[in-house]
Amino acid sequence: MTTNTQQTQPASTTRATTVLVTSATGKTGRRVAERLTALGATVRAGSRSGATPFDWEAPETWAAALRGADAAYVAYYPDLAAPGAVEAMETFGRLAVENGVRRLTLLSGRGEPEAVLAEESLRAAASGAELTVVRASFFAQNFSEGLLAEGVAEGAVVFPAGDTAEPFIDADDLADVVVETLTADGHAGRVHEVTGPRPLSFAEVAAEISRASGRPVVYAPVSEADYAGLLAGFGLPAPEAEWLAALFATLLDGHNASATDGVKRILGREPRSFADFATETWGGPVA
C-alpha cells in the first residue's frame, strides 16, 4: 500500500525543470513526457532514435542523457525483474548522482521479488538523490497497444492467467502518478503501489472489450509452457520467451489479486475503471 495521503492538487514543475524520461516511446514514457511538457518542464525524451539518445542496452548513452537533468523517470526495459536489471540500476543510479540528478521516480512491477532487488540496487547507488518507487499492476493498455492487442483484434486473448483476477491500471492514471512524484514534494523515499479500482479476470476483461467493441472477444487460457511456445513461434528467442512466460505466470498466480487505494491517495481521485477504458478505446456504448 502507499503511504502518501497529502498530494491532491495538480503538480508544479518548480523543482524539476529538466526531466529525462527513459523509454520515452513506450506506453508510460510517452504519456509521462506529454504531461511534463504540458506543465512547462523541459523534457529529454530518451529513446534509441530520438533527439536524446538513450538505450538501456547501451550504458554509454546514459551519462550524456542524464547530464544537467534535475529529475528522471526510470522505466527499465524490458522489465525491472529481467536478468541484468540489478546491475543496470546500480550503474544508472551512480551516473545519475554524478551528473547532478536530484530526483528519480522508478517504475516497478507490483509483486515482483526480482524487481525489488533492482529497486534496492538503485536506492543504494543513488543515495544522494530523492527516489520514489511506483509499483504498478498490469496495464489496461496491454490489451490495446501492447502484447495482447493483436489477439484482441483477432477475437481471442491467449494468456497464462487461468481464472486469476488482476486490478488492471490505466496507463494514463499511472502517468499522472509518476508526474506527481517527479514534480511535487512529499514522495522521496516512498514506495507507492498503484492499481485500478477492482480486480477483473481475463475472461471478464474479454467480456468488457466485447461489450465496448460490439464484436466477440474471448479469453483462451494456456499453460506457461504453451505460452512460451507461442512466443517462440512469433520469433522471440527461446530463453526470452520462457522468461517472459514464467514472469506472467508468477505475477498472475493470485498474489496480486487485490486493489490498492494508491491512485486516490496520490492524486485525490479514483482510478479509471477497465469498463471506462474499454468504452473509450473501442467505442462501444456505455454500459
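Which residue in strand 9 is the bridge partner of Arg-135? The legends below address this point and other close-up views of the predicted model.

**Figure 1. Pairing of strand 6 with strand 9 in the predicted model.** Strand 6 and strand 9 run parallel and are joined by four bridges. Within this pairing, Glu-193 of strand 9 is the bridge partner of Arg-135. Helix 4 lies across strand 5, strand 6 and strand 9. Relative to strand 6, helix 4 runs at about 170 degrees.

**Figure 2. The open sheet of seven strands.** The strand order is 3-2-1-4-5-6-9, and the pairing is parallel. Strand 3 and strand 9 (residues 191–194) are the edge strands, each of which pairs on one side only.

**Figure 3. The right-handed β-α-β unit formed by strand 1, helix 1 and strand 2.** Helix 1 comprises residues 27–38. Strand 1 (residues 18–21) runs parallel to strand 2 (residues 42–47), and four bridges join them. One of the partnerships is that of Leu-20 with Arg-44 in strand 2. Strand 2 is also joined to strand 3 (residues 52–53), again in parallel, by two bridges. Here Gly-46 has Thr-52 of strand 3 as its bridge partner.

**Figure 4. The largest nonpolar core.** This core has 31 residues. Those with the most contacts inside it are Trp-56, Leu-66, Met-89, Phe-92, Leu-104, Leu-106 and Leu-122. The elements that give two or more residues to the core include helix 2 (62–66), strand 4 (71–74), strand 5 (103–109), helix 4 (113–125) and helix 9 (238–251). Helix 3 supplies the largest share, six residues. Leaving aside residues up to four places away in sequence, Leu-122 touches Met-89, Phe-92, Gly-93, Leu-104, Leu-106 and Leu-131. A second, separate core has 29 residues, among them Val-157, Leu-200, Ala-241 and Phe-274. In soluble globular proteins, nonpolar side chains tend to be buried together.

**Figure 5. Arg-94 in helix 3.** Arg-94 has a relative accessible area of 39%, and is therefore classed as partly exposed; the limits of this class are 20% and 50%. Along the chain, Arg-94 and Thr-42 are 52 residues apart, and their C-alpha atoms are separated by 23 Å.

**Figure 6. Helix 7 and its packing partners.** Helix 7 has twelve residues and reaches 16 Å from its first C-alpha to its last, close to the 16 Å expected at 1.5 Å a residue. Its buried residues are Phe-202, Val-205, Ala-206, Glu-208, Ile-209, Ser-210 and Ala-212. These buried residues pack against helix 5 (149–154), strand 7 (156–159), strand 10 (200–201), strand 11 (218–221) and helix 11 (274–282). An α-helix has 3.6 residues a turn, so residues three or four places apart point the same way. Gly-214 follows helix 7, and its phi is positive, near 75 degrees.

**Figure 7. The surroundings of Glu-208 in helix 7 (residues 202–213).** Is Glu-208 buried or exposed? Glu-208 counts as buried because its relative accessibility is 18%, and the cut-off for burial is under 20%. Leaving aside residues up to four places away in sequence, Glu-208 touches Phe-274, Ala-275 and Ala-278. Phe-274 is also one of the residues of the second core.

Notes:
Residues are numbered from 1 along each chain as its sequence is written. This is a predicted model: local features need pLDDT of at least 70, side-chain atom pairs count only at pLDDT 80 or more; totals for chains, interfaces and linings use all residues. Side-chain values use heavy atoms; hydrogens and water are left out. Two strands pair if DSSP finds at least two bridges between them. A crossover is right-handed if, with the strands pointing away from the viewer, the path from the first strand over the helix to the second runs clockwise. Buried means under 20% relative accessible area, exposed over 50%, partly exposed in between (1.4 Å probe, protein chains only). Contact means heavy atoms within 4.5 Å. A nonpolar core is a set of buried Ala, Val, Leu, Ile, Met, Phe, Trp, Tyr and Cys residues joined through side-chain atoms within 4.5 Å. Axes are lines fitted to C-alpha atoms, for helices over the stretch in contact, and angles run from 0 to 180 degrees between N-to-C directions. The expected span of a helix is 1.5 Å times one less than its number of residues.
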